[in-house]
Amino acid sequence: MQENCIFCKIAAGEIPSATIYEDEVCRVILDIAPAAKGHAILLPKKHFANIFEIDKETAGSILYTASRVAAAMKEALGCDGINLLQNNGPAAGQTVFHLHIHIIPRFENDGLLPTWEQGSYADGEAAEVAQKIQNCLK
Ligand code: AMP
Ligand code: ZN
């Protein structure tokens, strides 16, 4: 647990929350300022600031949990789809620096999340970029 981390305290149950699910690895709660009713956030109980710090065991467990909650949300709310969203760093929109996954119910034409303009690669550029990233894989 990290001092002064609100998500550590919520995940540990020290601050009350609208909890959907809890196990030894994580807690899933309703977001306090939801994009849509039912919008949930999954908080690992271990403190990781972001995806760059997470361990393999936690990563596997929380994605599986997110899939179960997404299925429950679809059935309970009758939504047409679900977005999993996970922001890392201020440039990516992260505002609370304890890793979390947003689980957001989506309805046809709800216009909730912006779509991006599709870009393209010049000849050979995609292979170059893929290789550059692959070279840094640990
Ligand atoms: P992010 O921008 O990805 O860091 O998301 C942080 C999210 O946490 C936002 O959607 C906030 O509404 C949500 N949030 C912040 N504080 C709380 C809280 N005390 N309980 C529930 N959700 C919270
Ligand atoms: Zn924390």
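**Notebook: ligand 1 and its pocket**

I began with the ligand and noted that an oxygen atom of ligand 1 lies 2.8 Å from an N or O atom in the side chain of His102. The model is predicted, and I read every distance with that in mind.

I then looked for other contacts of this kind. The side chain of His100 also has an N or O atom 2.8 Å from an oxygen atom of ligand 1. At Val96 the partner is a polar backbone atom, 3.0 Å from an oxygen atom of the ligand. I took these as polar contacts because the cut-off for such a pair of N or O atoms is 3.5 Å.

Next I checked how far ligand 1 is covered. Taken alone, ligand 1 exposes 500 Å², and the protein buries 80% of that.

I listed the shell around the ligand. There are 16 residues around ligand 1, and those that come nearest are Asp31, Gly93, Thr95, His100 and His102. I sorted the shell by residue type and got nine nonpolar residues, six polar and one charged.

Where does ligand 1 sit among the pockets? I found that the space it takes is the largest pocket. I also asked which elements give two or more residues to the shell around ligand 1. They are α1, residues 6-11, and β2, residues 26-30. The largest share of that shell is from α1, with three residues.

I turned to the pocket itself. The largest pocket holds about 310 Å³ of space. I counted 18 residues in its lining, with Phe7, Asp31, Ile32, Ile41 and Val96 nearest the centre of the pocket. The elements that contribute two or more residues to this lining are α1 and β2. With three residues, α1 provides the largest share of the lining. By type, I recorded ten nonpolar residues, seven polar and one charged in the lining.

I set two entries side by side for Asp31 and Val96. Asp31 is listed among the residues that come nearest to ligand 1, and Asp31 is also among the lining residues nearest the centre of the largest pocket. Val96 is another of those lining residues nearest the centre, and a polar backbone atom of Val96 is 3.0 Å from an oxygen atom of the ligand.

Last, I noted the overall layout. The protein has three helices and five strands. I read the order from the N terminus as α-β-β-β-α-β-β-α. The C-alpha trace spans about 55 × 40 × 25 Å along its principal axes.

Technical notes: Residues are numbered from 1 along each chain as its sequence is written. Chains are lettered from A and ligands numbered from 1 in the order in which they are written. This is a predicted model: local features need pLDDT of at least 70, side-chain atom pairs count only at pLDDT 80 or more; totals for chains, interfaces and linings use all residues. Side-chain values use heavy atoms; hydrogens and water are left out. A residue is near a molecule or strand if one of its heavy atoms lies within 4 Å of it. A polar contact is a pair of N or O atoms within 3.5 Å; within protein, one must be able to donate a hydrogen and the other to accept it, and residues adjacent in sequence count only if both atoms are side-chain atoms. Accessible areas come from the Shrake-Rupley method with a 1.4 Å probe; for residues, only the protein chains shown count as cover. On a 1 Å grid over the protein atoms alone, a cavity is a set of points where a 1.4 Å probe fits but cannot get out, and a pocket is an open set with protein on both sides within 12 Å along at least five of seven lines; lining residues have an atom within 4 Å of a point. A molecule sits in a cavity or pocket if more than half of its atoms lie within 2 Å of its grid points. Helices (H or I, at least four residues) and strands (E, at least two) are DSSP runs, numbered from the N terminus. Ala, Val, Leu, Ile, Met, Phe, Trp, Tyr, Cys and Pro count as nonpolar, Asp, Glu, Lys and Arg as charged, and the others, Gly among them, as polar. Grid points are joined across faces, edges and corners, and a volume is the space filled by probe spheres set on the points.
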